[in-house]
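Q: Please take a close look at one part of this structure and lead me through it step by step, for I am just beginning to read models of this kind. Once that part is clear, I would also like to see what else the structure holds.

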Amino acid sequence: MTTSPATAALSNQPPGAPDLDELRRRAFALRRKMMGMAAGKGEGYIAQGLAMADCLAALYFHEMRHDSARPDWPDRDRFLLSTGHYSIAMYAVLAEAGYMDEAQLPSYGLNGSALPMSTFDETVGVEIVGGSLGHGLGQAVGMAMGLRMDGSPARVFCEFSDGELQEGSTWEAAMGAATFGCDNLVALIDCNGIQADGPVTVAIEPVADKMSAFGWDTSEVDGNDMAALVAALAGARAADGRPKAIVMRTTPGHGVPTIVARERAHFVRIADDEWDALIAELEAGNV
Amino acid sequence: MSEAPIKNRTRGMGEIVEVAGKQTELAPFGRTLAELGHERPEIVGLTADMGRYSDILPFRDAHPDRFFNVGMAEQNLMMMAAGLSKVGKIAFCTTYSVFITRRAYDFVAIACAHSKANVKIFAGMPGLVNGYGATHQATEDLNMMRGIADLAVIDPCDAIELKQVVRAAADIPGTVYVRNLRGKVPVELGDDYRFTFGKGQVLRAGDGRVGIIATGYMSARALDACRATAAEGHDPSVLHLSTIKPFDAAAVLSFARDHERLIVAENHKTTGGLTTLVIEALYESGLHRPMTRISLADSFFECGSQEYLEAKYGVDLPAFEAAIRQDPASAGAPT
């Protein structure tokens, strides 16, 4: 790997203390973008996207070392979105962080759009093809090992969901990460309690205990509490030979009470005339 | 007096049948990969608990820091290989063909091929090479793998070609699936043979009556059958198609035009592999030739020695000889 002096000077450790107010402002901006992308489409994974906004804000505007001007920077920290259907959140944060033109966002999910309903790695800033669930963590393990072999300070952050804990491949990868001592890997497990057919009914709890038993250094937080998220990410920096897991309890639709209350559904349907009111709810809550 | 060794028995570890009198090379895949690893530091090797039985151990011994045994976790094998490739590695990974194809198909298709990941799959025990029955016999792997876009599929003939394929695979962009041969692998092709990705090669030019189109070690068997029947006046040609995808339809059509009838042979079921590809190419061109198929029925197969299985299922040397001797008037009739 070639590393320029400029990039070598960058540490993979975040500088200074987090500015929680700024991170909350970023999370609101992500939610506002997502509402604009989903408006009028009638359907989409807006609930999951809204729930992920805090995590993505904490990663892209505090914890991760990355540079939107150099999306192929070899020593960048990687973020892998395993749940490709959360693409609305991914595109929002990539636009907010400067990886794509915000003017592209309204094309989300439209035929022929560069922002498809599920994530593909042709999109700048998207590291893997997500969406076929259970594919993320194992690729994160491979990336973490390859980066470590090269002496790179980069870390790998991999999001996956409680639903994906039903995929055997996730546990194969969980064993692999511990076996190979991938301490440069952080799993962000979005436990939102829903999947395609409704509430999670398969006995996957206690998630944190399971990850710990698999050899992961595990913490559990409210995934919509910025201070807790930032603290958990800071706690996941130790190069102690163990992979790190943060179990995030998130609320689908967080920030828009009507969506939270409507149904704990995987695929929320919203009528055309509802969006203005829902956006007003989001903005009213941003106080 | 000790008992004679029992020869006619199941062999599960997939060493190809050693043909009497043939020269062999030991572990051509792993030895070549170990050499290549010295030249290409970005190469890493992985296995899913099948290091010994895929011949990758010479690479492990030469480059222990670049070798990973992920255990019996084929999905993770393919995901990790994809991840390694996405940070600049060339990931050579091994296990049995069946566990790659049947168990980890989605991961080959999406994590690897769709991302054009630099992953080289050396999949062991193709077809009836493994004697452990249907659970271990990859008899539809060509069909499955050719169904995936942006995936190269190669079925080498012998040790000479396999060694060249190892080196070529490192330079073929994206994901490559190779039917690996392990142990003492026969040497059939001459030192002047040059594997060319995507191109069929005529190994033997005959008198134009019978043309044999084959892949994998069936091409070696075709040459054996030509030698065995030469004294009777038979003079078939042999077109070897080691690259199954992308498929060299032009070579097939040119070869077929030059022959009165065809024999198509593969260590694979008749459905979906070489035979199907040849039929597709001929039909689309409007060219018709009587065709005899030497391949496996659409079935699951039992345990046993390779010799026993190949004879039982009609893909052994006598089957080739019979196909060559077949009355031209009955060639191509349903069997």
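A: Two strands are said to pair if DSSP finds at least two bridges between them. With that in mind, we can turn to this model, which is a predicted one, and begin with the sheet in chain A. Five strands make up this open sheet, in the order 2-3-4-8-7, and their pairing is parallel. At its edges are strand 2 (78–81) and strand 7 of chain A, each of which pairs on one side only. If direction is ignored, neighbouring strands of this sheet are turned by 20° against each other on average.

The part to look at closely is strand 8 of chain A, which stands between strand 4 and strand 7 in the order of the sheet. Strand 4 of chain A (residues 185–191) runs parallel to strand 8 of chain A, and six bridges join the two. If you follow this pairing residue by residue, you find that A:Val186 has A:Lys244 as its bridge partner in strand 8, while A:Ala187 has A:Ala245. Turning to strand 7 of chain A (residues 217–222), you again find six bridges to strand 8 of chain A and a parallel run. Here A:Asp217 is partnered with A:Lys244, so that A:Lys244 is a bridge partner both of A:Val186 and of A:Asp217.

To pass from strand 7 to strand 8 of chain A, the chain goes through helix 8 of chain A (residues 226–234), and this β-α-β crossover is right-handed. Helix 8 of chain A lies across both strand 7 and strand 8 of chain A, and its direction makes about 170° with that of strand 7. Is strand 8 of chain A buried or exposed? Five of its six residues (the strand covers residues 244–249) are buried, and therefore strand 8 of chain A is largely enclosed by the rest of the structure.

Chain B offers a helix that can be read in the same careful way. Helix 7 of chain B (residues 159–171) has 13 residues and spans 19 Å from its first C-alpha to its last, which is close to the 18 Å expected at 1.5 Å a residue. Because 10 of its 13 residues are buried, helix 7 of chain B is largely enclosed by the rest of the structure; among the buried residues are B:Ile160, B:Leu162, B:Val165 and B:Val166. Their cover includes helix 1 (28–39), strand 5 (119–124) and strand 6 (151–154) of chain B.

Chain B also has an open sheet of five strands, in the order 9-11-10-13-14 and with mixed pairing. Strand 9 (201–204) and strand 14 (291–296) of chain B are its edge strands. Three bridges join strand 9 of chain B to strand 11 of chain B (residues 237–240) in the antiparallel sense, and in this pairing B:Gln201 stands opposite B:His240.

Finally, we can look at where the two chains meet: 21 residues of chain B are in contact with 22 residues of chain A. On the side of chain B that touches chain A, helix 3 (74–85) and helix 5 (105–114) of chain B are the elements that give two or more residues, and helix 3 gives the most, with eight. Sorted by class, this side of chain B has 12 nonpolar, six polar and three charged residues.

Technical notes:
Residues numbered from 1 in each chain as written. Chains lettered and ligands numbered in written order. Predicted model: local features only at pLDDT ≥ 70, side-chain atom pairs only at ≥ 80, totals over all residues. Buried ≥ 20, exposed ≤ 12 C-beta atoms within 10 Å, placed from the backbone. Helix = DSSP H or I, 4+ residues; strand = E, 2+ residues; numbered from the N terminus. Right-handed = clockwise from strand over helix to strand, strands pointing away. Expected span 1.5 Å × (residues − 1). Contact = placed C-beta atoms within 7 Å. Nonpolar A, V, L, I, M, F, W, Y, C, P; charged D, E, K, R; others polar. Axes fitted to C-alpha atoms, helices over the stretch in contact; angles between N-to-C directions.
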